[in-house]
Amino acid sequence: MGDYNDVYMRSNAAAVAARTKAQNRATVLQLKLIGQSHPTGLTANLLKLFEPRPPLEYRPPVEKRKCPPYAGIAQFVNNFAEPGEPEYAPPVTKGETPVQRRARIHALRLVKGAEKATEELEKYDPHNDPNIEGDPYKTLFVARTSYETTEHKIKREFEAYGPIKRVRLVHDKVTDKPRGYAFIEFHHTRDMKTAYKQADGRKIDNRRVLVDVERGRTVPNWRPRRLGGGMGSTRVGGDEVNQRYSGREPLSIAAAAAVAKSEEPKIREPVRVHEERDLEKHDRDRDRDRDRDRDRDRERDRDRDRDRDRDRDRDHDKDDRHRERDRDRERDRDRDRDRDRGRDRDRHHERDRDRDRDRDRGGRDRDRGGRDRDRERDRDHEKDRERIERSLDRDHEKDRERIERSIDRDRDLEKDRDRERIERSHSRER
């Protein structure tokens, strides 16, 4: 047995219980002290939160200042300007309207653009450009491409027209982003011509491209669009002038010569202020004329629809009459067939009665009657065959006549329609 007085043999639970009792005793003593110090039983740090603020410092009231009395302006009348003096009515400077401001900015931009184009035109020399290579008469110009289109995509699309030697996609010199056009050099001139004729307006990456020959090294005095030249018509003027569809626009010989021989960039004249009213009036007149033309076209379409409905009703009436006539003929043909079928049925009944009558006769006449019946049967078969052939010939003849009449009737209807259409067009032109 061990010694319970040894510290190593004692249990830890007794020490924990003694420590808890000491803490409880200290807590009770502290609560008693708090209860004696303040009636609420709150600690000192909580009581500081409820302490009142210090009282406000006393300040004497502000004395009111006496204002000067009101006086008239009679003593200053002599200093006013008299009528006729320049200070009496100074000139009024008119402000700039938004339209005038836009016109002025547009004119300044045009002048600056023309000056910049003139400076760059002096440096423009496609024959000595290190980036330009190959034969110009085998090179194709592809414009209006998507900015996401790559040289590999362009080469894959145009390889269908012939072997390609080189594809050059033009990029911006500063940002290195594509400019939206490229040059394709073929091995053979015939392949370039084929692509020039067939690839214009083709879709590449959901964009219809424009295909043209290279004109920088083949056309004398040629200037690109950025230098005031080019042959495009998508940015000529307003919406009523600009080309809205993709592809090459057929230019006249005079317009092409004027574009080719122009050497200096054109400067547009600025819009004058006093011409704005004339321009607005012109726009209103043009809109009024356009509305009038639209109403006239709508009325013409309405008349054309009315004439078309009238022709359709007339054609329907004619077709109904012809259809009724054909139905009557078919009914007569069916009545004739039923009549012939009834006659054949009566003849068969008579033949059956004769056959029964011959069967009731004696044996002496049986052989002779048998031969007569065979002869009669052969005669009846021959008559039936002839009658069927005649009926078939008659039906074929009637069908052929009906088909010929229907063809003639359709031909006459078509001629009548053409003649009425021509007469209506002549009357409308008058």
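In this predicted model, the cover over the buried residues of helix 5 includes strand 1 (139-143), helix 4 (151-158), strand 3 (178-186) and strand 6 (210-213). The residues concerned are Asp191, Met192 and Ala195, the buried positions of helix 5, which spans residues 189-198. Because they occupy an arc of only 100° around the axis, these three residues lie on the same side of helix 5. Arg190 and Lys197, by contrast, are exposed on the other side of helix 5.

Two of the elements that cover helix 5, strand 1 and helix 4, are joined by a loop that contains arginine 144. The backbone of arginine 144 has a phi near 60°, a positive value in a residue other than glycine. With a relative accessibility of 23%, arginine 144 counts as partly exposed. A positive phi is also found at asparagine 206, where the angle is near 65°, again in a residue other than glycine. Asparagine 206 is placed in the loop between strand 4 (203-204) and strand 5 (207-208). The relative accessibility of asparagine 206 is 70%, and the residue therefore counts as exposed.

Across the whole structure, 18 salt bridges were found. One of the pairs joins glutamate 214 to arginine 217, with the closest N and O atoms 2.8 Å apart. Both partners fall below the 20% limit for burial: glutamate 214 has a relative accessible area of 7% and is buried, and arginine 217, at 16%, also counts as buried. Salt bridges further link Lys153, Glu157 and Arg202 in a network.

Helix 8, residues 366-429, contains both arginine 405 and glutamate 401, which are four residues apart, or about one turn of the helix. A salt bridge connects arginine 405 with glutamate 401, the closest N and O atoms being 3.9 Å apart. Arginine 405 is partly exposed, at 32% relative accessibility, as is glutamate 401, at 34%. A further pair in helix 8 consists of glutamate 414 and arginine 417, which are three residues apart and hence separated by about one helical turn. Their side chains meet in a salt bridge with an N to O distance of 4.0 Å. Glutamate 414 has a relative accessible area of 40% and is partly exposed; arginine 417, with 29%, is likewise partly exposed. Such spacings suit side-chain pairing along a helix in one respect: an α-helix has 3.6 residues a turn, so residues three or four places apart point the same way.

A nonpolar patch is present on the surface, formed by Leu42, Leu46, Leu49 and Phe50. Together, these four residues have about 430 Å² of accessible area. Within the patch, leucine 49 is placed in the loop between helix 2 (44-47) and helix 3 (98-123). Leucine 49 has a relative accessible area of 66% and is accordingly exposed.

Key
Residues are numbered from 1 along each chain as its sequence is written. This is a predicted model: local features need pLDDT of at least 70, side-chain atom pairs count only at pLDDT 80 or more; totals for chains, interfaces and linings use all residues. Side-chain values use heavy atoms; hydrogens and water are left out. Buried means under 20% relative accessible area, exposed over 50%, partly exposed in between (1.4 Å probe, protein chains only). The arc is that of the directions from the helix axis to the C-beta atoms. Contact means heavy atoms within 4.5 Å. Patches are made of residues with over 30% relative accessible area and no salt bridge: like charges are joined within 9 Å, nonpolar side chains (Val, Leu, Ile, Met, Phe, Trp, Tyr) within 5 Å. Accessible areas come from the Shrake-Rupley method with a 1.4 Å probe; for residues, only the protein chains shown count as cover.
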